[in-house]
Amino acid sequence: MYFEGVGEQGLVAIATSGLFGRIAIDVASGHVVRIPEIESATASHVNRNHDSFNRCVAAGISLPFCADGDEEKCEYVAEELRDLVSAIDETTLVRNGL
């Protein structure tokens with residue numbers, strides 16, 4: 001799906017995010033961004049490029065599942081994910097404040 005009105009040259013959606021959001025590539029910069037809703041005129045940064053996005057997703061998949069109620073394990077997994085993602089693409093955490 002092409003979003004002409006968002007960004008300098010538009011966005012090309014490559015995946016869904018939640019019920020209404022989309023993950024897209026900014027045509028001008030090549031950055032991967034998230035659009036919260038199809039009608040949205042803004043996008044938030046996800047990764048600096050498609051390769052970094054794929055590697056961050058793979059890093060998240062590689063971690064153990066964290067069930068509700070296991071706070072200690074959830075904190076460990078969250079910290080591991082932050083470390084892995086920041087090593088792959090430091091722009092992800094800086095721009096999102098994580």
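In the hairpin formed by strands E3 and E4, five residues lie between the two strands, and Gly30 adopts a positive phi near 85 degrees. This hairpin offers a convenient place to enter the structure, which is a predicted model. From here the description moves outward to the sheet, then to the helix packed on it, the nonpolar cores and the charged pairs.

The two strands of the hairpin run antiparallel and are joined by four bridges. Within this pairing, Ile25 stands opposite Val32 of E4. The hairpin belongs to an open sheet of five strands, arranged in the order E1-E2-E3-E4-E5 with antiparallel pairing. Strand E1 (2-3) and strand E5 occupy the edges with a single partner strand each, so one side of each has no neighbour in the sheet. In general, the strands of a sheet pair through backbone hydrogen bonds, in either a parallel or an antiparallel manner.

On one side of the hairpin, strand E3 (residues 21-26) pairs with strand E2 (residues 11-17) in the antiparallel sense, over six bridges. Here Leu11 has Asp26 of E3 as its bridge partner. Helix H1 packs on the sheet and touches E2, E3, strand E4 (32-35) and E5, and the direction of H1 makes about 70 degrees with that of E5. Strand E4 also pairs with E5, again in the antiparallel sense, over three bridges. In that pairing Arg34 stands opposite Ser44 of E5.

Arg34 also leads back to strand E2, where Ser17 is found. The side chains of Ser17 and Arg34 are joined by a polar contact of 2.8 Å. When neighbours within four places in sequence are left aside, Ser17 is in contact with Arg22, Ile23 and Arg34. With a relative accessibility of 17%, Ser17 counts as buried, because the limit for that class is under 20% relative accessible area.

The nonpolar residues come next. The largest nonpolar core has seven residues in all, namely Phe3, Val6, Leu11, Ala13, Ala24, Val33 and Ile35. Strands E2 and E4 each supply at least two residues of this core. A second, separate core comprises five residues, among them Ala59, Val85, Ile88 and Leu93. Val6, a member of the largest core, touches Leu11, Ser40, Ala41, Thr42 and Ala43 when residues up to four places away in sequence are not counted.

The charged side chains add a further set of links, and the count of salt bridges comes to four. One of them joins Arg48 and Asp89, at 3.9 Å from N to O. Arg48 lies in the loop between strand E5 (44-47) and helix H1 (50-62), whereas Asp89 lies in the loop between helix H2 (71-88) and helix H3 (90-96), so this pair ties together parts that are 41 residues apart in sequence. The two partners differ in accessibility: Arg48 is partly exposed, with a relative accessible area of 30%, while Asp89 is buried, with a relative accessible area of 0%.

Arg48 forms another salt bridge with Glu90, in which the closest N and O atoms are 3.2 Å apart. Glu90 lies in helix H3 and Arg48 in the loop between E5 and H1, so the pair ties together parts that are 42 residues apart in sequence. Glu90 is partly exposed, with a relative accessible area of 44%. Arg48, Asp89 and Glu90 are thus linked in a network of salt bridges.

A salt bridge between Glu79 and Arg82 is found within a helix. Their side chains meet at 3.2 Å, N to O. The two residues are three residues apart in helix H2, and about one helical turn therefore separates them. Glu79 is partly exposed, with a relative accessible area of 38%, and Arg82 is likewise partly exposed, with a relative accessible area of 32%.

Notes: Residues are numbered from 1 along each chain as its sequence is written. This is a predicted model: local features need pLDDT of at least 70, side-chain atom pairs count only at pLDDT 80 or more; totals for chains, interfaces and linings use all residues. Side-chain values use heavy atoms; hydrogens and water are left out. Buried means under 20% relative accessible area, exposed over 50%, partly exposed in between (1.4 Å probe, protein chains only). Two strands pair if DSSP finds at least two bridges between them. Contact means heavy atoms within 4.5 Å. Axes are lines fitted to C-alpha atoms, for helices over the stretch in contact, and angles run from 0 to 180 degrees between N-to-C directions. A polar contact is a pair of N or O atoms within 3.5 Å; within protein, one must be able to donate a hydrogen and the other to accept it, and residues adjacent in sequence count only if both atoms are side-chain atoms. A nonpolar core is a set of buried Ala, Val, Leu, Ile, Met, Phe, Trp, Tyr and Cys residues joined through side-chain atoms within 4.5 Å.
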